[in-house]
Amino acid sequence: MTTQISADSLHRLVKHAIDSGTAASVEEANALFQGYRLAVEIDHATASDPVQQAALLTTVALGLRVFLGGVSVGGPLDTPLSLAMPFGRTLADAVKALGGTSGAIADGTPTIVIGGAARERRKGFCIRTATAGWRGGILPIHSELRPTGGTSMPLAGMLAASLAVNEAFLYASGGSSAVGRRPVGLSLWRPGSDVDWLQSDGSEPALTYLPSRLWLIGLGHLGQAYLWGLGLLPYKDPSEVKLVLQDVDVITESTTSTSILTDATMVGQKKTRVMATWAEQRGFTTSLQERLFAADFKRQPDEPALALCGLDNGLGRRALDQVGFDLIVEAGLGRGYRDFRTMRLHVLPGRRPAAEIWKQNGKTEKVEDRPAYAKLMADGVLDRCGTTLLAGKAIGAPFVGCIAATLALSEVLRLLHGGPMHQLIDVDLLSLDHRVVLQHQSDFSKCNPGFAMVAS
């Protein structure tokens, strides 16, 4: 039997094996990813810490979308869930709700340890997440290094988890010999490449204010990562959070491979409705916009003045500064098998108008000549039109969107805490230390996105 496949059903990271030529067929690519397994560990010393719980849940949720052979979790999972995320009462409940399994971990399985101090070196791949203040990253399990400084904030845990899953996937898919043997991290307060994330930073404020009025444009890969990050934040009264959720699409099979809040039971439903349900379970208040984002409408004075954009098309992006938002944080992700780990963030309005920044969509690499696409046509699974459509779909990795979301949300948090804004942040996860960060020259001190207090 031949595989039934379409542009809306193919796993967006499995597509990497097809486009790169690693797999000669869709069946071979799927089998490759079904062989990927991940182990996650947390111990008594860290299990009750909300930031470490944020790292654990993020690791499990992302891991299940990458390691299709399954994610096993070990540790004291009977620990009460101290996060306000709607995943049950204990860590075990949350792991199960997300799709992970608890119990014994097979020897040799690539392992991510959540937080804690250095441990004995192990064979194979084993790293640990590490956080302090607004900083998050990963370390080899045996490394005596650890970041120093103040109490960690939840997005640092989300960042550390996302970097950990990226590193584990690099290992599983045959990355460089340095994978798992190096410290990797960054600061969400000062994301510039000149900042050592392991060093204490006296300029980092304690997390005090949280955004309360936001417009989310696009509810796929990036939009759901924004929602996940907002859900991790420790709101004293989540009912104060007013969200406008805008999208026109329905959830497809491929959505589940990149979007952290989507599962197979949601396929065929409107993204706006499903994400509103989740947000309201978290305690937030929502309203919906089920129309394409374009320049032909205006934001009303009583609607959120700050937008988080997760669109993947230039037409919508060109309208971002034309509808009346006071501030827009926009993130764009790489699409091809060579650049899918890249991201670029903009804060608007900026020095150049949106229409100039996104004059036209970038060129994408042609991959229709790869063996897997030729086989689909030869087997009669797709005609040439269907093959071209499938080939043109973006490769997507959920950990990339989550890292971009931590950076985007931190721009908003930095505004609320009197910190500098950034005009541009350019990141490639294959060379994180060489990121480009440009400080914004505009004064946003009078911009009030609405704020709520942190739970004490």
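Contact here means heavy atoms within 4.5 Å. The model is predicted: local features need pLDDT of at least 70, side-chain atom pairs count only at pLDDT 80 or more, and totals for chains, interfaces and linings use all residues. Residues are numbered from 1 along each chain as its sequence is written, and side-chain values use heavy atoms, with hydrogens and water left out.

**Exercise 1. Describe the surroundings of Asp 43.**

Step 1. Place the residue. Asp 43 sits in the loop between strand S1 (38–41) and helix H3 (50–66). Helices (H or I, at least four residues) and strands (E, at least two) are DSSP runs, numbered from the N terminus.

Step 2. Classify its exposure. Buried means under 20% relative accessible area, exposed over 50%, and partly exposed in between (1.4 Å probe, protein chains only). Asp 43 has a relative accessible area of 24%, so Asp 43 is partly exposed.

Step 3. List the contacts. With neighbours within four places in sequence set aside, Asp 43 is in contact with Pro 76 and Arg 119. The C-alpha atoms of Asp 43 and Gly 75 are separated by 5.2 Å, although these residues are 32 apart along the chain.

Step 4. Look at the side chain. A polar contact is a pair of N or O atoms within 3.5 Å; within protein, one must be able to donate a hydrogen and the other to accept it, and residues adjacent in sequence count only if both atoms are side-chain atoms. The side chains of Asp 43 and Arg 119 make such a contact at 2.5 Å.

**Exercise 2. Find which parts of the chain the salt bridge between Glu 41 and Arg 119 ties together.**

Step 1. Apply the criterion. A salt bridge is a side-chain nitrogen of Lys or Arg within 4 Å of a carboxyl oxygen of Asp or Glu. The structure holds 13 salt bridges. In one of them, the side chains of Glu 41 and Arg 119 meet at 3.6 Å, N to O.

Step 2. Locate both ends. Glu 41 lies in strand S1 and Arg 119 in the loop between strand S4 (111–113) and strand S5 (126–132), so the pair ties together parts that are 78 residues apart in sequence.

Step 3. Compare exposure. Glu 41 counts as buried because its relative accessibility is 18%, while Arg 119 counts as partly exposed at 25%.

Step 4. Extend the pair. Glu 41, Asp 43, Arg 119 and Arg 122 are linked in a network of salt bridges.

**Exercise 3. Analyse the salt bridges of Arg 135 with Glu 204 and of Asp 426 with Arg 344.**

Step 1. Take Arg 135 and Glu 204, whose closest N and O atoms are 2.8 Å apart. Arg 135 lies in strand S6 (residues 135–140) and Glu 204 in the loop between strand S7 (184–187) and strand S8 (209–211), so parts 69 residues apart in sequence are tied together. Both Arg 135 and Glu 204 are buried.

Step 2. Take Asp 426 and Arg 344, whose closest N and O atoms are 2.6 Å apart. This pair links distant parts of the chain, with Asp 426 in strand S15 (residues 422–428) and Arg 344 in strand S14, 82 residues apart. Arg 344 counts as partly exposed, at 41% relative accessibility.

**Exercise 4. Determine the strand order of the open sheet of eight strands and identify its edges.**

Step 1. Write the order. Two strands pair if DSSP finds at least two bridges between them. The order is S11-S10-S9-S12-S13-S14-S15-S16, with mixed pairing.

Step 2. Find the edges. Strand S11 (285–289) and strand S16 (436–439) each have a single partner strand, so one side of each is left without a neighbour in the sheet.

Step 3. Examine one pair. Strand S10 (residues 242–246) and S11 pair in the parallel sense over five bridges. Lys 242 has Thr 285 as its bridge partner in S11.

**Exercise 5. Identify the members of the largest nonpolar core that touch the most other members.**

Step 1. Define the set. A nonpolar core is a set of buried Ala, Val, Leu, Ile, Met, Phe, Trp, Tyr and Cys residues joined through side-chain atoms within 4.5 Å.

Step 2. Read off the residues. The largest core has 127 residues, of which Trp 228, Leu 243 and Phe 399 touch the most other members. Helix H13 (residues 398–416) gives the most to this core, with twelve residues.
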